[in-house]
Amino acid sequence: MTEQAPPAGPPDLAPKHELVSAEPGSTPAASRARVGAAAVSTGGISAADVGTADVSLPGASTADASSVTADTADVIVVGAGPAGSAASYYLAAAGLDVLMLEKTSFPREKVCGDGLTPRAVKALTAMGVPIAESDGWLRNKGLRIIGGGGRIELDWPELSSYPGYGMVRTRTDFDQILARHAQKAGARLVEGANVTNPLLDDRTGRITGVTTKDGRQYRGRLVVAADGNSSRLSVAMGLHKRDDRPLGVAVRTYYTSPRHNDDYLEAWLDLWDGNSLLPGYGWIFGMGDGTSNVGLGLLNTSTGFGEIDYRVLLRKWLAAMPAEWGFTEENRTQPVRGAALPMGFNRTPHYTKGLLLAGDAGGMVNPFNGEGIAYALEAGELAAGVITQALARPTAAGRERVLQTYPRQLKDAYGGYYTLGRIFVDLIGKPSIMQFCTRHGVKRPAVMRFTMKLLGNLTETRGGDAVDRLLNAVSKMTPAA
Ligand SMILES: Cc1cc2nc3c(=O)[nH]c(=O)nc-3n(C[C@H](O)[C@H](O)[C@H](O)COP(=O)(O)OP(=O)(O)OC[C@H]3O[C@@H](n4cnc5c(N)ncnc54)[C@H](O)[C@@H]3O)c2cc1C
């Protein structure tokens with residue numbers, strides 16, 4: 001198959017629009033969303049629902065071309081986690097035809113601490129996600145850090161760049177809210193669509209779409225891999241994880257607890273493996289629904305990283321907690337589940353041959369604190385901005401020039417900071433350094449306020465106080481990861 005110059009606009013879905021009554025002020029993309037939503041509510045997606053056509057597709061990975069259907073969009077987004085939903089929201093808002101393919105069906109669980117820093121709150125606000133407490137969001141004032149015999153409560157910094165509060169929300173709710181928000185903006189969503197392979201242009205090797213496990217094919221002018229840590233799609237495009245970047249592993253569960261209404265996120269630095277203080281932390285995040293999300297995460301820079309039994313470590317850590325907090329087996333409401341945290345750009349390049357990587361697929365978790373949601377949301381927005389500009393260019397060369405800026409924009413935003421993060425995780429991987437920092441840091445409020453801004457990546461983007469200026473300058477001067 002030879003690559004054709006893509007059509008100038010979205011594929012022709014005009015007959016479908018006639019079936020949908022347009023609300024005042026709704027965009028063409030929004031009309032398409034309602035078509036897609038109808039498909040979701042009827043439990044599946046059919047050719048009639050979204051304008052698919054039976055076509056033969058050379059280069060397809062499924063053998064029987066006569067039985068496959070192809071659906072087209074300007075952009076295919078694989079994965080409807082925070083990165084995929086944010087990218088889809090912004091693409092649809094810009095008037096593009098977006099098709100989100102999600103392996104699971106909402107509502108669904110995602111292993112996470114459920115903690116949202118002010119950085120994530122800012123990103124949600126920018127997307128117009130309703131985040132009032134009456135909508136079920138529990139706000140928090142800051143971080144309580146316990147370790148080295150000390151305990152300190154640090155309020156989130158008051159900045160013009162970020163709100164002074166964080167939030168919690170179970171991922172079962174959170175991811176569904178975001179996906180529906182993207183749909184409202186006009187993105188189409190197919191749930192239960194497990195993407196297995198890219199469709200490639202024979203001549204250029206460029207991605208032209210994807211196939212799903214059920215043999216369907218979806219074509220787009222560009223594809224976003226937002227399929228999380230394992231990113232099967234990236235791997236199929238030859239993009240593997242980098243061993244020279246940090247990786248975390250974290251486990252979590254839920255307990256019914258009287259501490260469920262805690263208005264601080266709590267982090268414990270005392271995780272011991274025998275006499276060694278481990279690089280990582282345990283957390284207790286009250287969910288406001290009678291339960292606390294309790295878990296721990298460790299970095300791969302400790303010597304015993306591969307051998308640690310996380311469930312045992314969790315049990316030992318919790319055994320030292322006051323009984324009245326209720327973190328006991330009888331009160332556990334969920335299994336202990338774990339997953340990897342891909343950090344500091346552990347999969348690159350973030351753009352190649354028509355594919356953009358966003359969120360965990362591109363290893364965008366902050367190495368300093370294990371936060372990934374804010375970065376997934378931000379990367380989704382960045383990717384959407386680049387795609388929107390690229391698709392407006394009339395020539396393939398022009399489009400490519402714009403697309404190549406995506407990795408550069410990511411590096412400008414996080415590169416230096418993530419390099420610092422790599423140095424940080426190497427340092428705290430040494431038990432003596434971790435011990436020194438914990439013992440001497442936690443008791444010193446000024447040190448901890450600095451640490452909070454550094455670890456949370458929460459500085460004024462311009463100006464700010466001496467700490468903000470120092471951290472921004474060091475991040476800028478540090479070569480990008
Ligand atoms: C134990 C633990 C605790 C954590 N705690 C926090 C925290 O408190 N705060 C925080 O900010 N971050 C936390 N993180 C990190 C955070 O969960 C991730 O960084 C974040 O979910 C990344 O979002 P994403 O959209 O890139 O990927 P994901 O959230 O993983 O979403 C990927 C989506 O793609 C779908 N998908 C996967 N494969 C396919 C396929 N083949 N076809 C179609 N769809 C596919 C998945 O079903 C999923 O919906 C934690 C992680 C772990 C493991």
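The following is a conversation between a biologist and a modeller about a predicted protein model.

Biologist: What should be kept in mind about this model and its numbering?

Modeller: The model is predicted, so local features need pLDDT of at least 70 and side-chain atom pairs count only at pLDDT 80 or more, while totals for chains, interfaces and linings use all residues. Residues are numbered from 1 along each chain as its sequence is written, and side-chain values use heavy atoms, with hydrogens and water left out.

Biologist: How many helices and strands are there, and what makes a stretch count as one?

Modeller: The protein chain has 14 helices and 21 strands, where a helix is a DSSP run of H or I with at least four residues and a strand a run of E with at least two, numbered from the N terminus.

Biologist: Why is aspartate 114 called buried?

Modeller: Buried means under 20% relative accessible area, exposed over 50%, and partly exposed in between, with a 1.4 Å probe and protein chains only. Aspartate 114 has a relative accessible area of 0%, and is therefore buried; this residue lies in the loop between β3 and β4, and its phi is near 70°, a positive value in a residue other than glycine.

Biologist: Is phenylalanine 345 buried or exposed, and what is its phi?

Modeller: Phenylalanine 345 has 1% relative accessibility and so counts as buried, and its phi is near 65°, positive in a residue other than glycine. Phenylalanine 345 sits in the loop between β19 and β20. Most residues other than glycine have a negative phi, and most peptide bonds are trans.

Biologist: Which peptide bonds are cis in the loops that hold proline 107 and proline 349?

Modeller: One cis bond joins phenylalanine 106 and proline 107, with omega about -5°, and proline 107 belongs to the loop between β3 (98–102) and β4 (115–116). Another joins threonine 348 and proline 349, again with omega about -5°, and proline 349 is placed in the loop between β19 (337–342) and β20 (351–352).

Biologist: Why is glycine 385 called partly exposed?

Modeller: Glycine 385 has a relative accessible area of 34%, which is why it is classed as partly exposed, and this glycine is found in helix α9. The C-alpha atoms of glycine 385 and tyrosine 406 are separated by 9.1 Å, although the two residues are 21 apart along the chain.

Biologist: What describes the packing of α5 and α9?

Modeller: Helix α5 (residues 118–126) and helix α9 (residues 373–391) pack at an angle of about 35°, with axes 8 Å apart; the axes are lines fitted to C-alpha atoms over the stretch in contact, and angles run from 0 to 180 degrees between N-to-C directions. Arg119, Ala120, Ala123 and Leu124 in α5 meet Ala374, Tyr375, Leu377 and Glu378 in α9, a contact being heavy atoms within 4.5 Å.

Biologist: What makes a group of residues a nonpolar core, and which residues have the most contacts inside the largest one?

Modeller: A nonpolar core is a set of buried Ala, Val, Leu, Ile, Met, Phe, Trp, Tyr and Cys residues joined through side-chain atoms within 4.5 Å. The largest has 64 residues, and Leu124, Ile387 and Tyr406 have the most contacts inside it; α9 gives the most to this core, with 13 residues. A second, separate core of 28 residues includes Tyr254, Leu265, Val425 and Met434.
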